[in-house]
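Please read the sequence and turn the structure below before starting on the report. The text that follows takes up a few places one after another, beginning with a single residue and moving on to helices.

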Amino acid sequence: MLLTKMRYLNPYIAGVGLGLFLLAAFVFSGQGLGGSGAIMRTVVGGVKIFSQQHVDNNIYMVNYGGGKLNPLDSWLVFEVVGVFVGGLLSGILSGRFKAETNHGPRINRRKRLILSFLGGSLFGFGARYARGCTSGVALSGGATLAVGSWVTMFAIFFSAYALAYFLRKVWL
Amino acid sequence: MNTRVVNVIVLLVIGLLLIALPNPQKLELKELHLPNHYHYLVETIEPELVAKMIIDDFGGFTIIDLRPASGSNLTKIDSALSLSLEEMLRRDSLLDIKYWGNLILVDDKLERMKMAAYYLSQNGLPATIMEGGFGQWAQQILTPTFPGDLASDLEVEQYKERLAISNFLQGKGDSLGGGVVIKKKRRILRRVVRQEGEGGC
Amino acid sequence: MIFPLSHHLELSSESNYLIAFLIGIGFGFFLEQGGFGNANKLAKTFYFRDMTVVKVMFTAIVTAMIGLIIFRAFGLINMDQIWINPSYIVPGIFGGLVMGVGFIVGGYCPGTALVGMATLKVDAWINVLGGALGMYIAAEVIPYTYTFWKSTLIGERITLPEYFNISYGLTGFFVILFALAFFGFSEVMERKFGNREELR
């Protein structure tokens with residue numbers, strides 16, 4: 001049973017709510033929030049099933065799953081499970097829990113899914129170089145005033161805005 | 001009044017109050033902890049390599065003696081600059097250190113060397129710590145022990161080289177006798193611990 | 001210095017993970033409530049039609065930052081025990097630029113895609129799969145570009161107040177000013193480009 005579709009929360013109120021949970025993460029665990037770290041850890045977990053040796057020989061992956069390390073044994077993984085549950089709760093409560101594909105009016109579903117996959121790959125690739133995504137770097141790093149995080153944050157928005165014009169057919 | 005205007009004013013007032021808050025500086029040694037989230041990349045270098053670098057007049061590096069200045073420091077490295085950890089933390093600016101080249105930190109205690117390396121890296125200055133500190137320096141470089149009567153030729157050769165280095169560093173001879181040649185080109189730094197930090201994301 | 005509590009109370013990793021789960025629920029809830037589960041809404045940010053994403057993000061940053069600055073000023077929090085992102089400038093810019101492209105092409109960032117997944121958005125599921133592939137490729141490529149990946153470190157834990165040698169409070173004030181200016185700008189742009197009915 002779904003509730004009637006509700007409006008989104010005022011962005012400033014949502015922002016304060018988000019900020020308080022971010023603060024709670026620092027206060028309780030000394031950790032920022034993250035999104036892509038858990039995905040990376042799942043990937044390493046997958047690679048580990050196929051070849052432990054490959055993980056051990058990769059200077060990057062070895063930090064997550066080298067030897068007896070369990071890549072999923074991490075604060076961020078449990079946090080992301082919570083994000084999933086929280087999103088689910090909110091979606092059900094506000095009547096937005098519905099299987100659908102959101103796409104711009106001028107492209108079809110298939111094209112949208114291809115672009116989504118491509119965009120996701122690019123995002124994931126970049127996140128590994130910037131050492132985190134919008135949650136881990138821009139949000140958490142922004143709040144702790146880390147220099148590199150602010151630089152990365154501006155880089156993200158710079159390139160997204162710069163490219164937006166050329167992709168207007170996808171979204172508008 | 002418009003709620004939006006009220007919100008803006010409230011936020012501005014909070015901002016102004018923030019400026020008035022005290023700004024504690026963590027420049028006391030007892031307050032400097034090596035953070036546990038922080039997988040620190042410690043680079044170490046062997047005393048013998050440091051000695052050879054001094055003799056070869058390698059350049060581009062500075063040895064920093066981290067001990068608090070006192071007359072009772074028996075072991076010394078002549079070419080080292082004295083900048084105690086305590087003094088380093090008190091300083092307002094570490095800008096001049098930027099021009100000192102590769103930094104090699106030496107102290108009696110490993111913990112202090114790590115702290116200094118961490119503090120410097122926080123300030124954008126990567127540093128290397130000398131394996132074993134002054135203890136190992138004294139033992140291995142200044143007073144090398146003869147490997148014994150049953151030593152192989154190679155061990156004797158190594159001993160001769162060490163003795164020559166020791167004598168040279170202590171001013172007992174200005175040339176490296178015994179036909180010891182110290183190669184100019186060599187790998188300087190040995191990375192011992194290599195761990196990457198994990199992003200918050 | 002009672003914060004972070006996990007350090008002060010020496011919590012086991014199990015209880016720490018429970019905290020992680022609970023905090024994650026709050027994070028996910030407000031992300032979804034803010035509209036981050038919908039790629040269409042997210043992408044409109046980049047056409048100045050619906051500035052929700054940046055509004056939510058900057059409000060969250062400012063809120064958490066104010067809290068941290070106050071706790072720090074009164075010696076309640078030990079900043080040495082707080083994770084601070086390392087500042088590798090050039091890899092950070094490179095990664096940021098690539099992520100920006102990924103954002104406008106894919107419409108999600110990993111955190112928001114997870115929320116989209118939770119509310120059964122098919123594009124979000126595909127996006128996360130793509131993200132996993134991109135990260136796997138990065139993990140294979142990083143060893144070959146290791147020197148670049150480790151380059152231009154200006155400080156493992158350097159923050160803006162330390163970098164500019166000003167107090168945390170003053171930095172906070174500037175961030176608030178910046179955020180306010182940005183909020184004002186967003187409202188003006190929304191009024192200009194935004195479709196009233198499209199908004200929320």
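With a relative accessibility of 31%, L120(C) counts as partly exposed, because that value falls between the cut-offs of 20% for buried and 50% for exposed. The model discussed here is predicted, and everything said about this leucine is computed from it. L120(C) sits in the loop between α6 and α7 of chain C, and its phi is positive, at about 65 degrees, although the residue is not a glycine.

A second leucine can be set beside it. L145(A) also has a positive phi, near 60 degrees, in a residue other than glycine, and its place is the loop between α7 (134-143) and α8 (147-164) of chain A. Is L145(A) buried or exposed? Its relative accessibility is 1%, so L145(A) counts as buried.

**Chain C as a whole**

The loop that holds L120(C) belongs to a chain with ten helices and two strands, and these elements follow one another from the N terminus in the order α-α-α-α-β-α-α-α-α-β-α-α. Of the 200 residues in chain C, 66% are buried. The C-alpha atoms of the chain fill a box of roughly 50 × 45 × 35 Å along the principal axes. If one takes the contacts in chain C between residues at least 6 apart in sequence, 68% of them join residues at least 24 apart.

**Two helix pairs**

Two packed helices are described by the angle between their axes and by the distance between those axes. The table gives these values for one pair within chain C and for one pair formed by chains B and C.

| Helix pair | Angle between axes | Distance between axes |
|---|---|---|
| α6(C) (residues 110-118) and α7(C) (residues 122-141) | about 135 degrees | 7 Å |
| α1(B) (residues 3-20) and α10(C) (residues 168-193) | roughly 160 degrees | within 6 Å |

The helices on either side of the loop of L120(C) are α6(C) and α7(C), and with their axes at about 135 degrees they are oblique to each other. The crossing in which α6(C) passes α7(C) is left-handed. From α6(C), the residues in contact are A113(C), L114(C), G116(C) and M117(C), while α7(C) contributes A124(C), W125(C), N127(C) and V128(C). By class, six of the residues in this contact are nonpolar and two are polar, and none is charged.

The second pair joins two chains: α1(B) and α10(C) cross at roughly 160 degrees, and that makes them roughly antiparallel. Their crossing, too, is left-handed. Among the residues that make the contact are R4(B), V8(B) and L11(B) of α1(B), and G169(C), F173(C), E187(C) and R191(C) of α10(C). The contact of α1(B) with α10(C) has eleven nonpolar, three polar and three charged residues.

**A helix of chain A**

Helix α2(A), which covers residues 36-50, spans 22 Å from its first C-alpha to its last, close to the 21 Å expected for its 15 residues at 1.5 Å a residue. Why can α2(A) be called largely enclosed by the rest of the structure? Eleven of its 15 residues are buried, so the helix is largely enclosed. The buried residues include S36(A), G37(A) and I39(A), as well as R41(A) and K48(A). They pack against α3 (52-57), α4 (62-65), α5 (75-93) and α6 (109-130) of chain A, together with α6 and α7 of chain C, the two helices that flank the loop of L120(C).

Key
Residues numbered from 1 in each chain as written. Chains lettered and ligands numbered in written order. Predicted model: local features only at pLDDT ≥ 70, side-chain atom pairs only at ≥ 80, totals over all residues. Heavy atoms only, no water. Axes fitted to C-alpha atoms, helices over the stretch in contact; angles between N-to-C directions. Helix = DSSP H or I, 4+ residues; strand = E, 2+ residues; numbered from the N terminus. Parallel < 35°, antiparallel > 145°, perpendicular 65-115°, else oblique. Left-handed = near helix turned anticlockwise from the far one by under 90°. Contact = heavy atoms within 4.5 Å. Nonpolar A, V, L, I, M, F, W, Y, C, P; charged D, E, K, R; others polar. Expected span 1.5 Å × (residues − 1). Buried < 20%, exposed > 50% of the residue type's maximum accessible area, 1.4 Å probe, protein only.
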